[in-house]
Amino acid sequence: MSGRKSRTWSWTFRNPPAKIWPLLADTARFNEAAKLPRHEIVEIAQADGSVAYHGEAKLGPLHLRWRERPVNWIAEQFFEHIRDFSSGPFGELGAHLALSADPATGNAIGTYTLSAAPRNWLGRLLLATNFFKASGETFGRLVGQADRFASGETPTIFTYTAPEAGADAKAKVALTVADIEATPNGHGLAQRLADHVLTAQEVDLWHIRPIGLARLWQVPERHAIELCLQAVKAGLLELRWDLLCPRCRVAKAWVGGLDRLPTGAHCSSCNIDYERDFSKNVEASFRPAAAIRPLESGEYCMWGPMSVPHVRAQIHLQPGEVRDLPGHLAAGPYRLRTLEPGPAADIEHDGLSFPSLILEEDAVNVGAAQPAGTLRFANMSGRPRIAVIESRHWLADCLTADRVTALQTFRDLFSDDVLRPGDEVSVGRVALLFSDLRASTALYQQIGDASAYHLVRDHFAFMADIIRHHDGAVVKTIGDAVMAAFANPRDALEAALDIQRRIGESGTAGGRRIVIKLGVHQGPSIAVTLNDRLDYFGSTVNMAARLQGQSQGGDIVLSQEMRDDPAVAPTLAGLDIRAESATLKGFAEKLTFYRMTP
């Protein structure tokens, strides 16, 4: 395009590329801090399965329309982003960030190139006057702030002034903070959460993730989760259930209650249909209540690398094109695919030489490993393609539905947030603990019904306290038995150990001597609504119940699946475990289980 001009700025950072990249590649956050306008994105599916992305925004009196070219990047190396405009002063606008490590210090050296081609007289005037000067001043200011944050000198990445809250909103916030801290779920964090809601950038509020807050604030994850759940009841936050796309991992459908959860959704960005999975892509996320801080619709940047941080490389290739680019990927599981719908190849990378990604017409092939520090992308098909290398590790901060619904606080506060009658959702894994009182009938006859009633209530409170402490939830009680669920099998085992140890130390629950039988199992299940509560159904439930039946009291009976799980190995170390086998009711074959006495 004629008249194109560009300007390049360079900086030397005090931190390595690994620290600088997630700050500068978070283009939505960067653009918001730069006071760029929000924009709307329209995604149009193409005949070949790809998607065209069109944007529209208002900038003062200017009405901007453009088409997004696919963004290219390799994590911690570079990104380039180009827009082709059909209205506004420019016909084309591009940005290119490159990072490298100083051989002497290991710290990042960065170059940022901004290029623009005028579309009309206004564009030519801007390029001839202060466009690059003003842009460079903004870039320099934000880059300096990012480096200071990476050095631990500032609490936020970019300096940001949030909209001033009105008097009514401030008064409501003060009341909600007091209400939250009056419950067991505040943990002294309510004011911190309120400050976050009132002062954080909008990009941090579209999807508030408690696990991310816990890491940022260095507090236990359960405390942050309980805080956010209680904040919903207090009116500070809203809870919604997001259905995440398994490719871009962005919420493409969301509802306010589990009873309205769809069975699947369509991702217009990836042009695929996908189904729900409680353990994988149904996420409990939070956002400010509209009365506290309303959020406007629109995007600050759709395709920044940190919008999809699991995508470590995305490269546009012409037919027959082969590109060798610098890049190093950490060891771990990866998926090689295209941005367009189609096949994929899964690999385990050793952290050294990465294999070539080769695109054929109807296949993604794994080619020869390249020298360390080089990534090769090849398009052997007859059409343009976008190659993608993504980590198969799921979102680290995602509070999945299987986890939050297995927390006692959720069940206490949101007992009415259940699936609609007849609906069932797959749960990839849940750990279940079943308990019972040994010789309870004889005990009741000995102490009388009234005393027995109080004993059972005290026993339930004793169990619930330990289960909650170990990030689990009481699903239901049956007579004097308890069924509890845990998202993490190690939590289930440690809860069982804690129960038996505390009973072993005191011999009592509520002042009377009791003996508890325990069985623990894990596996896939189905989440359903039974008797107006979230419950579990399937063979995993049956197995856990049958294992409890094998307990003699004062011991814990574990399934083979629990015993063999690497996550529980540290807890089992040094404990006396005996293998036994028996034919359990409802199971045709003799099964091996493990008995342990704390």
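Let's start with one residue: Asn31 has a relative accessibility of 15%, so Asn31 counts as buried. The cut-off behind that word is a relative accessible area under 20%. Keep in mind as we go that this is a predicted model. Asn31 sits in helix H2, which covers residues 27–33. Setting aside residues up to four places away in sequence, Asn31 touches Leu36, Tyr300 and Cys301.

Now step back and look at the whole chain. The protein chain contains 16 helices and 31 strands. Its C-alpha trace spans about 95 × 65 × 50 Å along the principal axes. Of the 598 residues in the chain, 52% are buried. If you take the contacts in the chain with a separation of 6 or more, residues 24 or more positions apart account for 67% of them.

Helix H2 also leads us to a pocket. The second largest pocket holds about 960 Å³ of space, and 37 residues line it. Lying nearest its centre are Leu36, Arg83, Leu93, Leu114 and Phe131. You may recognise Leu36 as one of the residues that Asn31 touches. Which elements give two or more residues to this lining? They are H2, strand E3 (51–59), strand E4 (62–68), strand E6 (78–87), strand E7 (90–101), strand E8 (108–118) and helix H4 (131–150). The largest share, 6 residues, comes from H4. Sorted by class, the lining of the second largest pocket has 28 nonpolar, 8 polar and 1 charged residues.

Phe131, one of the residues nearest the centre of that pocket, is also touched by Leu126. Leu126 is found in helix H3, residues 121–128. Is Leu126 buried, exposed or partly exposed? Its relative accessible area is 25%, so Leu126 is partly exposed. Apart from residues up to four places away in sequence, Leu126 touches Pro89 and Phe90 as well as Phe131. Try finding Ser151 next: Leu126 and Ser151 are 25 residues apart in sequence, and their C-alpha atoms are 36 Å apart in space.

Next, follow the chain to helix H6, residues 190–199. The buried residues of H6 are Ala190, Leu193, Ala194, His196, Val197 and Leu198. What do these buried residues pack against? Their partners are helix H5 (167–181), helix H7 (210–217), helix H8 (221–234), strand E9 (237–244) and strand E13 (282–288).

Leu193 of H6 appears again in the largest nonpolar core, which has 118 residues. Leu193 is among the residues with the most contacts inside that core, along with Leu236, Leu237, Trp241, Phe278, Phe286 and Tyr536. Let's look more closely at Leu237. Leaving out its neighbours within four places in sequence, Leu237 is in contact with Leu193, Val197, Ile208, Cys228, Ala231, Val232, Phe286, Arg287, Pro288 and Ala289. A second, separate core has 30 residues, including Met463, Ala492, Leu493 and Met562.

The cysteines are worth a visit too. How many disulfides does the structure hold? The number is 0. Cys245, for example, is in no disulfide, and the nearest cysteine sulfur, that of Cys267, is 3.7 Å away. Why is Cys248 not bonded to Cys267? The sulfur of Cys248 is 3.7 Å from that of Cys267, its closest cysteine sulfur, and this is too far for a bond, because a disulfide needs the two sulfur atoms to be within 2.5 Å. Both Cys245 and Cys248 are buried: Cys245 has a relative accessible area of 0%, and Cys248 has a relative accessibility of 7%.

Finally, let's look for enclosed spaces. Rolling a probe the size of a water molecule over the atoms shows where empty space is left. The structure holds 2 cavities of 30 Å³ or more. The largest cavity contains about 40 Å³ of space, and Cys248 is one of the residues in its lining, as are Arg247, Cys270, Trp303 and Val388. By class, this lining has 7 nonpolar, 1 polar and 2 charged residues. The second largest cavity has a volume of about 40 Å³. Among its 13 lining residues, Gly327, Leu352, Phe354, Gly373 and Leu375 lie nearest its centre. The lining of the second largest cavity has 6 nonpolar, 7 polar and no charged residues.

Notes. Residues numbered from 1 in each chain as written. Predicted model: local features only at pLDDT ≥ 70, side-chain atom pairs only at ≥ 80, totals over all residues. Heavy atoms only, no water. Buried < 20%, exposed > 50% of the residue type's maximum accessible area, 1.4 Å probe, protein only. Helix = DSSP H or I, 4+ residues; strand = E, 2+ residues; numbered from the N terminus. Contact = heavy atoms within 4.5 Å. 1 Å grid on protein atoms, 1.4 Å probe; cavity = no way out; pocket = protein on both sides within 12 Å on 5 of 7 lines; lining within 4 Å. Points joined across faces, edges and corners; volume = space filled by probe spheres on them. Nonpolar A, V, L, I, M, F, W, Y, C, P; charged D, E, K, R; others polar. Core = buried A, V, L, I, M, F, W, Y, C linked by side-chain atoms within 4.5 Å.
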